[in-house]
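Visitor: I have a protein here that I would like to get to know. Could you walk me through it?

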Amino acid sequence: MTEQQLPVWADPSVSPAALDAQGVSRRQLLRRAGLFGAAFALGGAATPAVAAADRGYGGEDPRLAYLVGDHHVHSVYSHDAKYTFSQQARAAARYGLDWMVFNEHSNFGHASYGAALEHKEILKARAENPRQLIFQGLEWYIPAAEHCTVFAAPGPHEVDLLTQFELAYDGKLLGYTEGSAGASDTARNEAHAVKAIKWLAEQRRTGYVDDVLVLANHPLRLGIDSPHEMRGWRDAAPEIMIGMEGAPGAQGAAIPGWRGSTSIRGEYENKPSAQSYAGYPADAYLTYGGFDWATATVGGLWDSMLAEGRLFSITTNSDNHRTVFDTWKNGDWPAGQNFDNTGRLPDPVNTDTPQPGSDFWPGQFSRTHVGVTRYGYRAVMTGLREGRVWLDHGHLLDGLEVRLRREHSSGRGVTLGGRLRVRRGEKLTLDITVTTASRPNPQGVLPELAHVDVIRGAVRGPVSDRDAWKAPDTKVALTTDVRGRKGTYTLRVPLTVGEESFYVRLRGSDGNRNGTGCLGASVDPHGPVPHEPGNGDPWADTWFYSNPIFVDVVR
């Protein structure tokens, strides 16, 4: 593959050199993995889902390339967004994205008109740019809760699936929004959300669509996604409901002097309401280094779910509606038209004056990296489902490769999302291969990684309290200072197997802002911290996170 073959969306301002500057992670990893050429299936080639039995406990994982993407992007087909489809697609190409999901808000205008109109644009774009993977999705208003991304693999029924789902299961369209404790409709609404996920699973099982995935969006922004609801969604169909946004979009909301003195990264500026789960502390409504409290709290909600021994992935994305410092505004409606009777906003108009906004372009700041063995839609979906995922902000890293293996083993071991089956007392080695940022990010800053943290938690099985949000045996097990290290290097971390099964996950940052974690210094002595309202420059506080690897102890 040559640089000229990469997608540029006919934008003369996007040169191959510019794309290379923003897409280093993918291309370096592709070269290292030896996946160019005929062995790497380009375009829309399908990749069969990898069954758990095929992976095997302790089996050798394949060589992977990491494709960079964003599963939460809006366009004029969302009632509260601004940009045309082509504007978003050009931006995604400019910032090096391999895949993206147009995740439009559900409403009657979208279901009646917008979804079909958008689908025509997507089909045209796929045909013209086969090496950029463009999914059609839906931002589902979950009955009794917040939002989810729902998206399907390309096929003859993808838009029909989304439209049927929208009309039958969307909480806003049905009026199934009540979720407060003790309200008469809450149990019905929560049950309808579970029914919705099971319905999606049935469409995949019967072959109506090749694949479909669901991810919870900004889960703690309002505090209305309770732990028991999230567990219920996961348990309804874990092959469909695979995880959540570890970090929300709207990362530019608190750029100093831009949006206001009370602004928080991610627009996490809310207080508990009657709809919120009462068991969350006040700290849960903030972001920490730009990450959702559920993810950023070591020993918190995400860890409590992982401690059950089941994968629940995290992602990050732009949630792009209105880009910071952008000069476009929404166009005016022609007489007699509105979103309800067209399903589409008017094209935006350039004003040459900065307009209000909180977001970055897709790939400009937030990136989700998915390990694949082929280049294709189902390959990306399989990588997400299998948990081969790490994420970064501010283009902090060019690459990350993680393998866990038995000590002195010559094999490659298992990678993110995988499982290693071992016996008590065995010694393991965790290989963490980091490729540091080699070029300035879109802000013109060359990011520097300061530390890598290994977080370890015991696996205790299903919880008896479905609203539990703490994992008391999870903590930062090791921190390695990597300041000044450049290029590609490998950290080899020895791990000893005890009596209990466990998992390990990774985290790291530029070291600019950290402090004691929410559950105390003994758990997390230098974790991400909230910024002062209105003073949250995202480029000055960047982190990476990885999905876990599980270790199952056999007695």
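Visitor: Which residues line the second largest cavity?
Guide: Happy to show you, with the reminder that this is a predicted model. The cavity has a volume of about 60 Å³. By class, its lining has five nonpolar, two polar and three charged residues. The lining residues are T436, A437, P447, E448, L449, V482, G484, R485, K486 and Y489.

Visitor: How many cavities of 30 Å³ or more does a search of the whole structure find?
Guide: A word on the idea behind such a search: rolling a probe the size of a water molecule over the atoms shows where empty space is left. With 30 Å³ as the lower limit, the whole structure yields four cavities.

Visitor: Now the second largest pocket: which residues are closest to its centre?
Guide: About 280 Å³ of space lies in this pocket. Its lining is made up of 19 residues. The ones closest to the centre are D80, R221, E267, D319 and H321.

Visitor: And how many charged residues are in the lining of that second largest pocket?
Guide: Sorting the lining by class gives three nonpolar residues and eight polar ones. The charged residues in this lining number eight.

Visitor: Why is helix α9 largely enclosed by the rest of the structure?
Guide: Good one to look at in the model! Helix α9 covers residues 227–236, and its buried residues are P227, E229, M230, R231, G232, W233, R234 and A236. Buried here means under 20% relative accessible area. The helix is therefore largely enclosed because its buried residues number eight of the 10.

Visitor: What covers the buried residues of α9?
Guide: Both helices and strands take part, so look for each kind around α9. Among the helices are α8 (186–205) and α11 (301–306). The strands include β5 (212–217) and β6 (241–247).

Visitor: Over which residues is the pLDDT below 50?
Guide: The protein averages a pLDDT of 89, and 89% of the residues score at least 70. One stretch falls below 50, although it has 127 contacts in the model beyond near neighbours in sequence. That stretch is residues 1–59.

Visitor: Stepping back to the protein overall, what percentage of its 555 residues is buried?
Guide: The protein has 13 helices and 22 strands. Among contacts between residues at least 6 apart in sequence, 80% join residues at least 24 apart. The accessible surface comes to about 19,700 Å², with 51% of this belonging to carbon and sulfur atoms. As for the buried residues, their share is 61%.

How values were computed:
Residues numbered from 1 in each chain as written. Predicted model: local features only at pLDDT ≥ 70, side-chain atom pairs only at ≥ 80, totals over all residues. Heavy atoms only, no water. 1 Å grid on protein atoms, 1.4 Å probe; cavity = no way out; pocket = protein on both sides within 12 Å on 5 of 7 lines; lining within 4 Å. Points joined across faces, edges and corners; volume = space filled by probe spheres on them. Nonpolar A, V, L, I, M, F, W, Y, C, P; charged D, E, K, R; others polar. Buried < 20%, exposed > 50% of the residue type's maximum accessible area, 1.4 Å probe, protein only. Helix = DSSP H or I, 4+ residues; strand = E, 2+ residues; numbered from the N terminus. Contact = heavy atoms within 4.5 Å. pLDDT = per-residue confidence, 0-100. Areas by Shrake-Rupley, 256 points an atom, 1.4 Å probe, with all protein chains shown as cover.
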